[in-house]
Amino acid sequence: MKKIVVIVVVLGFVVQSWGQEKETEIIVNGNYYLNQKVPDAQMVSFADTVSSSAFMQKMNDLKGKNYRLTVKSIDKEHVYFSFWKFSNRKRNKNINGDSITVQTIYTLPKEDFKQVVNPLYDRKEWRVGFYTIPYKLRFKDFDFDANVNLGTNIGCKLRWNRQFEHGFSIEPILGVGLSSIKMDDSNSTASTSSNISAFTVNTGILFHITQSINAGFTLGWDTISGKDQNQYDWKHNGKGWLGIGINVAFSTEAKNTSNEGSNK
């Protein structure tokens, strides 16, 4: 069991290292927010129909407020984008124009755009991974049971703050797998100790710790075959348990292409 946990942890850090090598991509329909890193002098490119001074006036109204925008198109040298609708009508008219159906399109050179924005990651992120649950608390006799339990799960990661790729988040999960169950005279009619396989279904909540490794509480059920149950009369068959599990995700690339919201 210790070897399995070590392998899971090591694999998680390897996956995390791969993810750190990737650069932030500028993509069409990608969502971003303005940061405060670039001096005003660099923010001089705007749509052809608007003067640099008008652009500067708009940027002064926006700078440092983390306002959100969406990339509409990209060419070899420039990025074209529009801001989300503002709840303040006066600001929305100033930034997005008078038209209801067509937003004002802004443009910046690619390198300048990279400096003034950060990705705005999706609130929800669907993930597939595998998990191990070293210990289970059996409800029937309120006793801890240690057995080998490996499986796969699907989860929906919910970000608390969309500006952070790996900030605090929770993830409801649903998983299936196999467990190695020890049969002995304390939990069955077995006269000698032996191990058999059980099909496991579990659900729970994960709390994210690092980019790819997370831990949480799971509720599950182990079921052995009818033949094995007839032979051993295992008292925990189909009964619920509570476990603390470790999960490593296969899909670790966060996205930023969910539907637009609004600026305050």
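1. In this predicted model, the side chain of Asn31 makes a polar contact with the side chain of Thr70, at 2.7 Å. Asn31 lies in strand 1. Its relative accessibility is 0%, so Asn31 counts as buried; the cut-off for that label is under 20%. Thr70 falls within the span of strand 2, 68–74.

2. Strand 1 also belongs to an open sheet. That sheet has five strands in the order 5-3-2-1-6, and the pairing is antiparallel. Which strands stand at the edges? They are strand 5 and strand 6 (117–119); each has a single partner strand, so one side of each is left without a neighbour in the sheet. From one strand to the next, the twist averages 40°.

3. The pairing of strand 1 with strand 6 can be described by its bridges. The two strands run antiparallel and are joined by three bridges. One residue pair to look at is Leu34, whose bridge partner in strand 6 is Val117.

4. The largest nonpolar core has 16 residues. Those with the most contacts inside this core are Tyr32, Leu69, Phe81, Phe83, Phe113 and Val117. Two or more residues each come from strand 1 (31–34), strand 2 (68–74), strand 3 (78–83), strand 5 (106–109) and helix 4 (110–116). Strand 3 gives the most, with three residues. Val117 thus appears twice in this note: among the residues with the most contacts in the core, and as the bridge partner of Leu34.

5. A second core is separate from the one above and has eight residues. Met183, Ala190, Ala198 and Trp234 are among them. As general background, nonpolar side chains tend to be buried together in soluble globular proteins.

6. Two backbone positions deserve a look. Asn29 has a phi near 75°, a positive value in a residue other than glycine. Where is Asn29 placed? It is in the loop between helix 1 (2–20) and strand 1. With a relative accessible area of 46%, Asn29 is partly exposed, whereas Asn31 in the strand is buried at 0%.

7. The other position is Asp233, which is not a glycine either and has a positive phi of about 50°. Asp233 sits in the loop between helix 5 (226–232) and strand 13 (240–249). Its relative accessibility is 46%, so Asp233 counts as partly exposed, that is, between the 20% and 50% cut-offs.

Note on methods: Residues numbered from 1 in each chain as written. Predicted model: local features only at pLDDT ≥ 70, side-chain atom pairs only at ≥ 80, totals over all residues. Heavy atoms only, no water. Core = buried A, V, L, I, M, F, W, Y, C linked by side-chain atoms within 4.5 Å. Buried < 20%, exposed > 50% of the residue type's maximum accessible area, 1.4 Å probe, protein only. Helix = DSSP H or I, 4+ residues; strand = E, 2+ residues; numbered from the N terminus. Polar contact = N/O pair within 3.5 Å; in protein donor to acceptor, adjacent residues only side chain to side chain. Pairing = 2+ DSSP bridges. Axes fitted to C-alpha atoms, helices over the stretch in contact; angles between N-to-C directions.
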